[in-house]
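Biologist: Before we discuss any labels, could you show me the model and then explain how each label follows from its cut-off?

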Amino acid sequence: MEQVDYTKQACVFNIQRFSIHDGPGIRTIVFLKGCPLRCKWCFNPESQSTKPTKNFGKMMTVNQVIDEIKKDEVTYRRSGGGITFSGGEALMYPEYLKETIKVCQMNGWSTAIETTAFANEEVIRQIIPMLDYILLDIKALPTDLHRLGTGVDNHLILQNALLINELAKNVVIRIPVIPSFNYTKKQINYICAFAKYMNKVTHIHLLPYTNFGMSKYELLNREYELKDIPPLSAEELEPFKELVESHGFICKIGG
């Protein structure tokens, strides 16, 4: 049996059970706290800092998290589901991920990650091949636009996206569609053109903008810059779905 260090820790701000998004089947989502991006539309702003606070996040060992997620192991087997690591950016905790994924594999649980791919190459090479599904966020292709919306440029992200395509078993690209940012056919076309360089990608998900996180910004005494922008409906993304499908991808609206 492979050795596992059950004492490795990460800052966890939520464990969400019985999710039908973020991967196939019924899944448990482990949200890890900390993200190098500062997306203006982020609906988990409490996840951005790596530090636990009174209200958001606590340090948990591999063993503590496994105790929680194994409560639903029958559901994983019956539904074809499993565990998805999200955030924040889960790749900020590579040693913790490696040990937790080992335990999931030992139990026969499917594993996935929802990631921005903003990590160093060593982390990508270490973690991505261990996982069954990669849900890769691609937010915009023009570097200046990406920096404007997220606070970072996208050179590392796009470079890692191509590397992930080489290493991963399954890759789904997810595009958060945000008014005032990438809510144009031109921007979606750019991403689809890039995705054609990734032969593992057959599915692209369009995630309609929501302002669910606005109240959290108030709790954190932070300004929500998009407060005057109403949420997008699934119907408003239908023309974009047709566009993605015209590129030869299977497209879904929502996660």
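Modeller: Let me begin with the cut-offs for exposure: a residue is buried under 20% relative accessible area, exposed over 50%, and partly exposed in between. Please keep in mind that this is a predicted model.

Biologist: Why is lysine 200 called partly exposed?

Modeller: Its relative accessibility is 27%, and because partly exposed covers the range between 20% and 50%, lysine 200 counts as partly exposed. This lysine sits in the loop between helix H7 (185-195) and strand E8 (201-208).

Biologist: What makes Asn165, Glu166, Ala168, Lys169 and Val171 contacts of lysine 200?

Modeller: A contact requires heavy atoms within 4.5 Å, and lysine 200 touches those five residues when residues up to four places away in sequence are not counted. For one of them, alanine 168, the C-alpha atom is separated from that of lysine 200 by 7.8 Å, although the two residues are 32 apart along the chain.

Biologist: How do you know which residues line the largest pocket, and which lie closest to its centre?

Modeller: A lining residue has an atom within 4 Å of a pocket point; the largest pocket, with a volume of about 930 Å³, has 37 such residues, and Phe43, Asn44, Glu114, Arg174 and Leu207 are the closest to its centre. By class, its lining has 14 nonpolar, 14 polar and 9 charged residues.

Biologist: Which residues lie nearest the centre of the second largest pocket?

Modeller: Of its 17 lining residues, these are Pro24, Tyr133, Leu135, Val172 and His205, and the space in this pocket is about 230 Å³. Strand E6 (133-137), E7 and E8 each supply at least two residues of its lining.

How values were computed
Residues numbered from 1 in each chain as written. Predicted model: local features only at pLDDT ≥ 70, side-chain atom pairs only at ≥ 80, totals over all residues. Heavy atoms only, no water. Helix = DSSP H or I, 4+ residues; strand = E, 2+ residues; numbered from the N terminus. Buried < 20%, exposed > 50% of the residue type's maximum accessible area, 1.4 Å probe, protein only. 1 Å grid on protein atoms, 1.4 Å probe; cavity = no way out; pocket = protein on both sides within 12 Å on 5 of 7 lines; lining within 4 Å. Points joined across faces, edges and corners; volume = space filled by probe spheres on them. Nonpolar A, V, L, I, M, F, W, Y, C, P; charged D, E, K, R; others polar.
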